[in-house]
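Got the viewer open? Let's take a short walk through this structure, one selection at a time.

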Amino acid sequence: MPYILIQVTDDGVTQDQKDALIAGATDLMVKVLNKDPEATFVVIDEVNPDNWGHGGEAVSRRRRRAAAG
């Protein structure tokens with residue numbers, strides 16, 4: 001029973017894109033590991049950019065800085 005967790009920031013991801021991620025991740029498990037798609041679970045965790053950081057800085061702050069300069 002594969003469990004796939006996809007984490008993305010919660011800005012601008014459409015339902016069609018989420019559907020494609022779920023279908024694509026499931027298909028990959030079927031093709032690579034021969035898993036049953038009915039037993040494969042995909043969860044998309046949408047994280048606010050204020051709560052996601054790298055390089056010591058929140059994504060939201062990095063984006064504001066990049067847009068300003």
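Start by selecting D45, which sits in strand β2, the stretch covering residues 41-47. Keep in mind as you click around that this is a predicted model.

Switch on a surface and look at D45 again. Is it buried or exposed? Neither, quite: D45 has a relative accessible area of 30%, so it is partly exposed, since buried would need under 20% and exposed over 50%.

Now bring up the neighbours of D45. Leaving aside residues up to four places away in sequence, D45 touches L5, I6, Q7 and V8. Zoom in on Q7: its side chain and that of D45 are joined by a polar contact of 3.0 Å. For a sense of scale, select V13 as well. The C-alpha atoms of D45 and V13 are 11 Å apart in space, and the two residues are 32 apart in sequence.

Next stop: salt bridges. How many are there? The count comes to five. Here are some to visit.

**D11 and R63.** Select this pair and you'll find a salt bridge whose closest N and O atoms are 2.2 Å apart. It links distant parts of the chain: D11 is in the loop between β1 (3-9) and α1 (15-33), while R63 belongs to helix α2 (residues 59-68), 52 residues apart. Turn the surface back on for both ends. D11 has 36% relative accessibility, so it counts as partly exposed. R63, at 39%, counts as partly exposed too.

**K18 and E46.** Move on to these two side chains, which meet in a salt bridge with an N to O distance of 3.0 Å. What does the pair tie together? K18 lies in helix α1 and E46 in strand β2, so the bridge connects parts that are 28 residues apart in sequence. Check the surface at each end here as well. K18 has a relative accessible area of 15%, so it is buried. E46, with 33%, is partly exposed.

**E57 and R65.** For the last stop, show the side chains of E57 and R65, which meet in a salt bridge at 2.5 Å, N to O. Then add R62 to your selection. Which residues make up the network here? E57, R62 and R65 are joined into one by salt bridges that share partners.

Before you close the viewer, try going back to strand β2 and selecting D45 together with Q7, its polar contact partner. Then add E46 and K18 to bring their salt bridge into the view.

How values were computed
Residues are numbered from 1 along each chain as its sequence is written. This is a predicted model: local features need pLDDT of at least 70, side-chain atom pairs count only at pLDDT 80 or more; totals for chains, interfaces and linings use all residues. Side-chain values use heavy atoms; hydrogens and water are left out. Helices (H or I, at least four residues) and strands (E, at least two) are DSSP runs, numbered from the N terminus. Buried means under 20% relative accessible area, exposed over 50%, partly exposed in between (1.4 Å probe, protein chains only). Contact means heavy atoms within 4.5 Å. A polar contact is a pair of N or O atoms within 3.5 Å; within protein, one must be able to donate a hydrogen and the other to accept it, and residues adjacent in sequence count only if both atoms are side-chain atoms. A salt bridge is a side-chain nitrogen of Lys or Arg within 4 Å of a carboxyl oxygen of Asp or Glu.
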